[in-house]
Number of protein chains: 4
Amino acid sequence: MPFVNRLSMPAAALLALCFAVPAATARPAAPVVNTNITEAEVLAAQQAWGDALVSISRDNEAGGLERARATASAVLDGAYGYNMGPVLFKPTLTQAPQTFRTTRDGALAYFVGGDKAYPSDTGFALKGWRKVEVKNEGVHIHGDVAMTMGNVTLTDKDGKRTTVDKTWAYKKDDAGKLRIVLHHSSLPYSAK
Amino acid sequence: MPFVNRLSMPAAALLALCFAVPAATARPAAPVVNTNITEAEVLAAQQAWGDALVSISRDNEAGGLERARATASAVLDGAYGYNMGPVLFKPTLTQAPQTFRTTRDGALAYFVGGDKAYPSDTGFALKGWRKVEVKNEGVHIHGDVAMTMGNVTLTDKDGKRTTVDKTWAYKKDDAGKLRIVLHHSSLPYSAK
Amino acid sequence: MPFVNRLSMPAAALLALCFAVPAATARPAAPVVNTNITEAEVLAAQQAWGDALVSISRDNEAGGLERARATASAVLDGAYGYNMGPVLFKPTLTQAPQTFRTTRDGALAYFVGGDKAYPSDTGFALKGWRKVEVKNEGVHIHGDVAMTMGNVTLTDKDGKRTTVDKTWAYKKDDAGKLRIVLHHSSLPYSAK
Amino acid sequence: MPFVNRLSMPAAALLALCFAVPAATARPAAPVVNTNITEAEVLAAQQAWGDALVSISRDNEAGGLERARATASAVLDGAYGYNMGPVLFKPTLTQAPQTFRTTRDGALAYFVGGDKAYPSDTGFALKGWRKVEVKNEGVHIHGDVAMTMGNVTLTDKDGKRTTVDKTWAYKKDDAGKLRIVLHHSSLPYSAK
């Protein structure tokens, strides 16, 4: 019962704990089933995405492409919503006619390359990433759906930094896990 | 902009304030638009319903039926969702063919009586209520919809207590206000 | 991918099929992931509940209590939301202190009895039910949550009819199945 | 009561009309309050966005900047969600430190320019647009939130076509209107 929170602690209760204010009522709280996404869950999902990208890079260096591919597969299965249907995914470096990667195969090809069906893909996650920083400009949370927009800065093993404009949308599944259902990444516009 | 929370304080931040743990990051949080219902809002809406019922009773005693009707009208407009369409309302003491009060007129007649179109209604809110206690058995929160079930105990001016089985569902509107969209109240079953 | 609808047929498309109006565009529709509940799904879930109640009665008559209990267990696992946490269930004929059946065990005891922990339960689903008719007064649909209120009339093998006031709320799960998360049933109020 | 649909016509009912199949039941349908977004509403909102862009261009040519600005203001107030708080808006041609336009002022400056606070903005909507074509790769609908991703191709008065990668998210408000709460637009990536 992942959503059940018998002892939920709102902010007031936490402050009460700090300052020893007695509880207003002795009656135990009723159990609550709450399927909403919290801001903390959104931030954790973003951090997990960055950690996963670095993991794929490190696994590639330590164990080769097969190990990187296995890690990337696990990331796609665990953190994306391909199990629900098409994911609205526009990666940073894709081009027509393969700009959008609404299938799991297309996403895996983008991250680790090596798929003849996607000949332009060289493996975005194999670029020696070491650090991922997320700076949100804003967050929307509507029930079990959340959306974020902002910059993501990636640092590689040589210290080179790349910043992209990034939009993510998440949906919480029945197990309480946030899954990416939309991901639009683009290089910053630069006036000629 | 009722939902904007530029300085949202998650539980960890509150504890940090208490114990002077330094913040992990100096970057200010991104603004968050969050349309979800919280447990605290549900409990506040239940308390407000009870307070409103007592207010109608007291206004009837102090100012007569017209004043009670004005208060009841304001409660229906402010706390129920008749502005969205039919409300799923089964009051405690109604009978066929007028059991369900999906219209504002039907609800007003139930609370304060005096409507020839609802000849059986004597005004449930006019019974001298003094106290309303809500005991939830469980709460469900799904986005901007919340549902509760439990007992409500009403005490009148003579100290007589009445307990009913009560279900409410709320929807949060664009202004951030919870509105009752479903209300099923029934006297406890008693085996003959 | 239960929610994927590559060939969704809106009303206009259906009418076009009927009258051979040419499509406005040759471009195939984009795939749609839609987690919302439809009115048709709500009506089907209500019908399924009635069919299940009759099945338990018939299985009891044909195969005895064990078979009825097995059927009731399957109904609870397939059509109720006990897998998510507490279900807000107030059956028609329960009394304090066991009025609410927020656990699967409590619900099973109500339907088929025979549980020493619920000594008042005689098995509501064993009463020889033959027909269940649902008459909704109104329906609310908000995303993957739907709520209904109205009358349900049950007819037993002797033709005796019982009408109850009934509220249901459903939540659609990741597999696309509607599950009852709230169920308030009560005998009609009768003025003394 | 914008969401009330007393005479909702599901697909089966439409087919019945075509083929004169008698209704299964004479009982009138219960009123339905449904706050969900439909695919048709999403497509209509996309079309309206394109029409609005062309209108601003034409108003600029026929009535000058003030008229264009008035039209753009009306579009922002009617079709975007700035009334709810920050909108997650990354326009096609903006650059740091003014990449994101989470405020109404920032969005208006992008569309019609002439705001000293946004010195790089020359008015994207003033570029003589004549036609807007939307090609979705996929659509997600979750309650009163919908998301789309795909290409948008803009044609100007000289017949020059510009294609962008476009993500939109909409939220339906209490009046039943879809509002853009997220908009990420980017020029296609091009390998050097």
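Me: Two strands pair if DSSP finds at least two bridges between them. With that in mind, which residue in β6(C) does C:Trp168 stand opposite?

Reply: Good starting point! Keep in mind that this is a predicted model. C:Trp168 faces C:His183 across the pairing with β6(C). The two strands concerned are β5 (residues 161-172) and β6 (residues 178-186) of chain C; they run antiparallel and are joined by eight bridges.

Me: How do I read the whole sheet, then? What is the order of its strands?

Reply: List the strands from one side to the other, following who pairs with whom. Here the order is β2(C)-β6(C)-β5(C)-β4(C)-β3(C)-β1(D), an open sheet of six strands with mixed pairing. Notice that the last name in that order comes from chain D.

Me: Why is one side of β2 (88-90) of chain C left without a neighbour in the sheet?

Reply: Look at how many partners a strand has. β2 of chain C stands at an edge with a single partner strand, so one of its sides has no neighbour in the sheet, and β1 (32-34) of chain D is placed in that way too. As you go from one strand to the next, the twist averages 30°.

Me: Which helix lies across this sheet?

Reply: Trace the helix and note the strands it covers. Helix α2 (residues 39-79) of chain C lies across β3 (129-142), β4 (145-156), β5 and β6 of chain C, and across β1 of chain D as well. Its direction is at about 150° to β3(C).

Me: At what angle do α2(C) and α3(C) pack?

Reply: For a pair of helices, read the angle and then the separation of the axes. α2(C) and helix α3 (residues 104-112) of chain C pack at about 160°, and their axes are 10 Å apart. Angles over 145 degrees count as roughly antiparallel, and α2(C) and α3(C) are therefore roughly antiparallel to each other. Their crossing is right-handed. Among the residues making the contact are C:Ile56, C:Leu65 and C:Leu76 of α2(C), together with C:Leu108 and C:Phe111 of α3(C). Sorted by class, this contact has nine nonpolar, one polar and two charged residues.

Me: How do I spot a cis peptide bond, and which residues of chain A does one join?

Reply: Check omega. Most peptide bonds are trans. In chain A, a cis bond joins A:Ala96 and A:Pro97, with omega about 5°. A:Pro97 sits in the loop between β2 (88-90) and α3 (104-112) of chain A. Chain D has a cis bond between D:Ala96 and D:Pro97, also with omega about 5°, and D:Pro97 lies in the loop between β2 and α3 of chain D.

Me: What rotation superposes chain A on chain D?

Reply: Ask for the angle and for any shift along the axis. A rotation of 180° with 0.0 Å of shift does it, giving an RMSD of 0.0 Å. That is the relation of a two-fold axis. A:Ser186 comes closest to the axis of the residues of chain A, with its C-alpha at 3.2 Å. The same surface serves both copies, since 100% of the contact residues of chain A recur in chain D.

Me: And how many residues does the contact between chains C and B take from each?

Reply: Count both sides: 32 residues come from chain C and 32 residues from chain B. On the side of chain C, β2, β3, β4, β5 and β6 are the elements that give two or more residues. By class, that side has 15 nonpolar, 13 polar and four charged residues.

Key
Residues numbered from 1 in each chain as written. Chains lettered and ligands numbered in written order. Predicted model: local features only at pLDDT ≥ 70, side-chain atom pairs only at ≥ 80, totals over all residues. Helix = DSSP H or I, 4+ residues; strand = E, 2+ residues; numbered from the N terminus. Axes fitted to C-alpha atoms, helices over the stretch in contact; angles between N-to-C directions. Contact = placed C-beta atoms within 7 Å. Least-squares fit on C-alpha atoms with pLDDT ≥ 70 in both. Parallel < 35°, antiparallel > 145°, perpendicular 65-115°, else oblique. Left-handed = near helix turned anticlockwise from the far one by under 90°. Nonpolar A, V, L, I, M, F, W, Y, C, P; charged D, E, K, R; others polar.
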